[in-house]
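Dear colleague,

Please find below the structure that I am handing over to you, together with its sequence. My notes on it follow directly after.

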Amino acid sequence: MRLAAIRFDGEVRTGLVADEDVLVLPAAAPSPDDVVRGGAEAREAVRAVARGAPRHPVESLDLLAPLRRFNRDVLCTGWNYWDHFDESKGKREGQDPEKRPTHPTFFTKGPDTVIGPRDDIAWDPGLSAKWDYEAEVALVIGRDGRSIPEERALDHVAGYLVANDVSQRDLQRAHGGQWLKGKSIDRTMPLGPWLTTADEVPDPHDLTITLDLNGQRLQQASTRQTAFSFACLIAELSRGMTLRAGDVLLTGTPSGIGNAREPQIFLTEGDLLVTRVEGLGELRNRVARFPLT
């Protein structure tokens with residue numbers, strides 16, 4: 001199923017996406033966060049209350065970020081497409097690793113970065129001069145686990161979403177080589193447009209990711225190109241560290257980022273970003289001036 005969070009009649013409701021329409025569920029229906037944590041029982045509760053629910057065209061509804069209850073920072077993966085790792089060689093301002101990493105690279109983003117699939121991306125030129133885009137698949141953990149074996153790792157996935165890991169490259173380089181600051185600016189990470197449950201994604205490594213900036217295609221790749229599989233990411237991250245139902249993990253961006261281009265492309269006020277993942281939907285976000293400092 002595809003579960004959306006929508007603002008409807010002045011309150012947040014759950015929507016069950018069906019083709020171009022959304023079944024708007026009663027206020028007491030489980031939220032997407034509830035479904036992530038409640039498993040099959042919560043999904044069945046959604047199906048039960050969906051019978052007879054009114055239908056509305058998806059384009060007519062105010063879509064919110066489908067996940068709104070975070071256990072911790074958003075977990076993220078860097079350098080998970082070798083073409084992206086290679087395109088930035090010599091462009092990391094002295095922070096290039098000596099060689100390709102042999103294990104996944106992880107970092108986090110603050111949860112206040114998260115915005116909805118149609119919300120404006122906050123932009124403040126006084127904070128950063130290098131605002132960049134990164135189209136990604138996000139997965140959501142649906143079952144607690146520590147030291148999860150790789151062969152069982154995907155059993156812990158509740159579902160998948162589209163994300164855009166908007167980054168501030170100058171901030172990313174300015175704080176000792178770690179990425180938290182340059183990845184955690186408020187109101188900068190679109191997430192959605194809905195949660196697609198894992199049973200609706202036959203092969204998460206057969207999805208096409210694209211990003212268009214003002215109508216120009218700048219990123220296009222398949223998830224089969226990942227350096228480390230989604231199962232490997234979960235197994236490595238959970239080694240000695242408990243992952244909880246509701247944890248969100250971004251799985252990396254392919255090549256085509258603005259910082260690596262010649263000439264470089266950075267986001268500015270009024271830009272339109274369309275981030276798509278085959279089978280998971282699209283994000284459509286404007287860059288808008290917002291005071292962050």
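In helix α1 of this predicted model, the buried residues are Pro-32, Asp-33, Val-35, Val-36, Ala-42, Val-46 and Ala-50. Among the elements that cover these residues are the strands β1, β2 and β3, along with β11 (135-141), β12 (157-164) and β14 (189-197).

The course of α1 deserves your attention as well. The helix runs over residues 32-50 and so counts 19 residues, yet the C-alpha atoms at its ends are only 14 Å apart. A straight helix would reach 27 Å at 1.5 Å a residue. Where does α1 bend? At Gly-39, by about 135°. After α1 comes Gly-52, with a positive phi near 85°.

I turn next to the strands that begin the chain. Strand β1 (residues 2-8) and strand β2 (residues 11-18) run antiparallel and are joined by six bridges. Within this pair, Ala-4 is placed opposite Gly-15 of β2. The two strands form a hairpin with two residues between them, and Asp-9 in its turn has a positive phi of about 50°. Strand β2 also pairs with strand β3 (residues 21-24), in the antiparallel sense and over four bridges. Here Leu-16 has Leu-23 in β3 as its bridge partner. β2 and β3 likewise form a hairpin with two residues between them, and in this turn Asp-19 has a positive phi of about 60°. When you look at these strands, it may help to recall that in a regular strand the side chains alternate between the two faces of the sheet.

The interior of the model comes next. How many residues does the largest nonpolar core have? It has 40 residues, and those with the most contacts inside it are Leu-139, Tyr-160, Ile-234, Leu-267, Leu-273 and Leu-280. Two or more residues of this core come from each of β9 (121-123), β11, β12, β15 (208-213), α5 (230-238), β18 (272-277) and β19 (281-289). Helix α5 gives the most, namely six residues. For a closer view of one member, consider Leu-267: leaving aside neighbours within four places in sequence, Leu-267 is in contact with Trp-123, Trp-131, Asp-132, Tyr-133, Val-166, Leu-213, Leu-273 and Val-287. Another core, of 31 residues, lies apart from this one and includes Leu-3, Ala-42, Val-74 and Leu-250.

Helix α5 is mostly covered, with eight of its nine residues buried. These are Phe-230, Ala-231, Cys-232, Leu-233, Ile-234, Ala-235, Leu-237 and Ser-238. They pack against β6 (74-78), β7 (105-109), β11, β12 and β17 (248-250). Gly-240 follows α5 and has a positive phi, near 75°.

Several of the strands that contribute to the largest core are also paired with one another or with further strands. β11 and β12 pair in the antiparallel sense over seven bridges, and Glu-136 has Ala-163 in β12 as its bridge partner. β12 also pairs with β14, again in the antiparallel sense, over four bridges; there Val-162 is found opposite Gly-192 of β14. Is β12 mostly covered or mostly exposed? It is mostly covered, since eight of its eight residues are buried.

The strands β9 and β19 run parallel and are joined by three bridges, with Trp-123 opposite Arg-289 of β19. β19 also pairs with β18 in the antiparallel sense over six bridges, and in this pair Leu-272 is opposite Arg-286 of β19. β18 and β19 form a hairpin with three residues between them, where Gly-279 in the turn has a positive phi of about 85°.

Finally, a word on the cysteines. A search of the whole structure finds zero disulfides. Why is Cys-76 not bonded to another cysteine? The closest cysteine sulfur, that of Cys-232, is 17 Å from the sulfur of Cys-76, which is too far for a bond, because a disulfide requires the two sulfur atoms to be within 2.5 Å. Cys-76 is buried, with a relative accessible area of 1%. Cys-232 is buried too, with a relative accessible area of 12%.

With kind regards

Key: Residues are numbered from 1 along each chain as its sequence is written. This is a predicted model: local features need pLDDT of at least 70, side-chain atom pairs count only at pLDDT 80 or more; totals for chains, interfaces and linings use all residues. Side-chain values use heavy atoms; hydrogens and water are left out. Two strands pair if DSSP finds at least two bridges between them. The expected span of a helix is 1.5 Å times one less than its number of residues. The bend at a residue is the angle between axes fitted to the seven residues ending there and the seven starting there. Buried means under 20% relative accessible area, exposed over 50%, partly exposed in between (1.4 Å probe, protein chains only). Contact means heavy atoms within 4.5 Å. A nonpolar core is a set of buried Ala, Val, Leu, Ile, Met, Phe, Trp, Tyr and Cys residues joined through side-chain atoms within 4.5 Å.
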